[in-house]
Amino acid sequence: MTTLLTGARVLGGEVRDLAIHDGALVDPASIDRDAAEVVDAAGLVALPGLVDLHTHLRQPGGEQAETVASGLRAAAAGGFTCVFAMANTTPVADTPAVVEQVHRLGLESGLATVRPIGAVTVGLRGERLADMLMLHRSAAGVTVFSDDGHCVADAELMRRALEHAASMDAVVAQHAQEPSLTRGAQMHEGALSAELGLAGWPAVAEAAVVARDALLAELAGARLHVCHVSTAQTVEVVRAAKARGVRITAEVTPHHLLLTEELVRGYDGRYKVNPPLRPEADVLALREALADGTIDIVATDHAPHAPEAKQAAFAEAAFGMVGLETALGVVQQSMVETGLLDWAGIARVLSTAPAAIGREPGYDAPLEVGSPAHVVLVDPAARRTIEVGHLRGRSANSPFLGVELPGEVRHVWHAGRRTVRDGAVLAAPDAGEAA
Ligand SMILES: NC(=O)N[C@@H](CC(=O)O)C(=O)O
Ligand SMILES: [Zn+2]
Ligand SMILES: [Zn+2]
């Protein structure tokens, strides 16, 4: 089948046609137009399929909150064609059996590619290293390792993990949170945490780990990736490390680009997340850092939780927010509408760069003839108030419910296969539903 997309603003710039044939982008002049399915893309921006380096799919073990299939519906709805699935499942993704299961469930869904992330330490316990080489050599081909949800706090373990990663051109993605500085922490540490009587999570608990890890990565000649950077102070540490030539990359989440700690005033568990929402000065520094390349990518940290886990009293509520379905709109609002990034920049931070960090092929020449047809058509002029119906995963713990966001994902192709049509996910059955 051949599909012709007419009159799209490619990467927000030049208006031209795109053609999809046999899973790849082909020259529109080379196709038989009469036989092609035509999609009118006038007024729509064409982006490459988005790549999320930080998604929690919860399967195995957390299927009431999300499954691979339901998480991929959320991903497709948000314009993602590839997600890297975090290792904090039950059991933990520290064996080939688990990463191969998650990988296979992704293939069965077909809505997007799933790249399982391997645990750095056995059981995420921070005591001894997982068999990283075996995970890398498994059928899942792990290239990203992370204990996310936990910090690899032990410096010796982190050093060895970086050395192993370097030997297989993999990357260690660190959840930077010094545990001894954040015991019982509920929200950002500052005047507001004192006022609200909630235990604080000081900014230095993040920056201190990033500074240490940058030095260890330099020593090991390894690639280090910093998960969910949340403070201006960490931005300065990353900037200095990059200036020294350290192989360090960093991500920011959509929620840290738009929301501030002020939301915690109502003690609503929806706004509880790790790392916590920060003051406005940090939000503005994160936007500047993403615009100037100090922060390389946006990653959702999509963290679904069952309603009970989020409706508890603030101190007992689970940390985490869903984010796949709303990521592009939040980034449009915080980066495009502020003039900090253009659409080509959005394609870089949400597709090309995360794919490069995760060594996912097929995203290095976005929307060019010969590339796999991972294509998103987004209507940048649309505005919508986010409702539960917009969330296509199993969980609705979004901080953006009731919030108006710009942009709407209209159509998505994953390797030439249509996954979203007119804003509706072409859902595959959810095998986990019966389980
Ligand atoms: N971000 C969160 O608040 N929660 C994540 C873990 C994590 O990303 O640290 C989760 O797994 O729920
Ligand atoms: Zn984390
Ligand atoms: Zn996470």
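**Binding-site histidines, ligand shell and core**

In this predicted model, His-54 sits in strand β6 (residues 50–55). With 28 other C-beta atoms within 10 Å, His-54 clears the cut-off of 20 or more and so counts as buried. Leaving out residues up to four places away in sequence, His-54 touches Phe-84, Met-86, Cys-227, Glu-251, Ala-299, Thr-300 and Asp-301. His-56 is found in the loop between β6 and α1 (68–77) and is buried too, with 28 C-beta neighbours inside 10 Å. Its contacts, on the same sequence filter, include Met-86, Asn-88 and His-302.

Both histidines turn up in the UniProt record: an unreviewed entry lists His-54, His-56, Asp-148 and Asp-301 under "binding site". These four span 248 residues in sequence, but no two of their C-alpha atoms are more than 9.8 Å apart, so they gather at one spot. As for ligand 1, the residues around it include His-56, Asp-148 and Asp-301, along with Asn-88, His-175 and Phe-319. Sorted by class, that shell comes out as three nonpolar, six polar and two charged residues.

Then there is the packing. The largest nonpolar core runs to 139 residues, and Leu-18, Phe-145, Leu-162 and Val-172 are among those with the most contacts inside it. Helix α6 (residues 204–220) chips in the most, with eight residues. Domain 1 (2–45 + 371–429) and domain 2 (49–357) each supply at least three residues to this core. Leu-162 touches Val-172, Leu-216, Ala-217, Ala-220, Ala-222 and Leu-224, not counting residues up to four places away in sequence.

Glu-368, by contrast, is exposed, with just 10 other C-beta atoms within 10 Å; it lies in the loop between α12 (343–357) and β16 (375–385).

Definitions and conventions:
Residues are numbered from 1 along each chain as its sequence is written. Chains are lettered from A and ligands numbered from 1 in the order in which they are written. This is a predicted model: local features need pLDDT of at least 70, side-chain atom pairs count only at pLDDT 80 or more; totals for chains, interfaces and linings use all residues. A residue is near a molecule or strand if its C-beta atom, placed from the backbone, lies within 6 Å of it. Ala, Val, Leu, Ile, Met, Phe, Trp, Tyr, Cys and Pro count as nonpolar, Asp, Glu, Lys and Arg as charged, and the others, Gly among them, as polar. Helices (H or I, at least four residues) and strands (E, at least two) are DSSP runs, numbered from the N terminus. A residue is buried if 20 or more other C-beta atoms lie within 10 Å of its own, exposed if 12 or fewer, and partly exposed in between; C-beta atoms are placed from the backbone. A nonpolar core is a set of buried Ala, Val, Leu, Ile, Met, Phe, Trp, Tyr and Cys residues joined through C-beta atoms within 7 Å. Domain bounds come from an automatic or database domain assignment. Two residues are in contact if their C-beta atoms, placed from the backbone, lie within 7 Å. UniProt positions are given in the numbering used here, feature names are shortened, and annotations may be inferred rather than shown by experiment.
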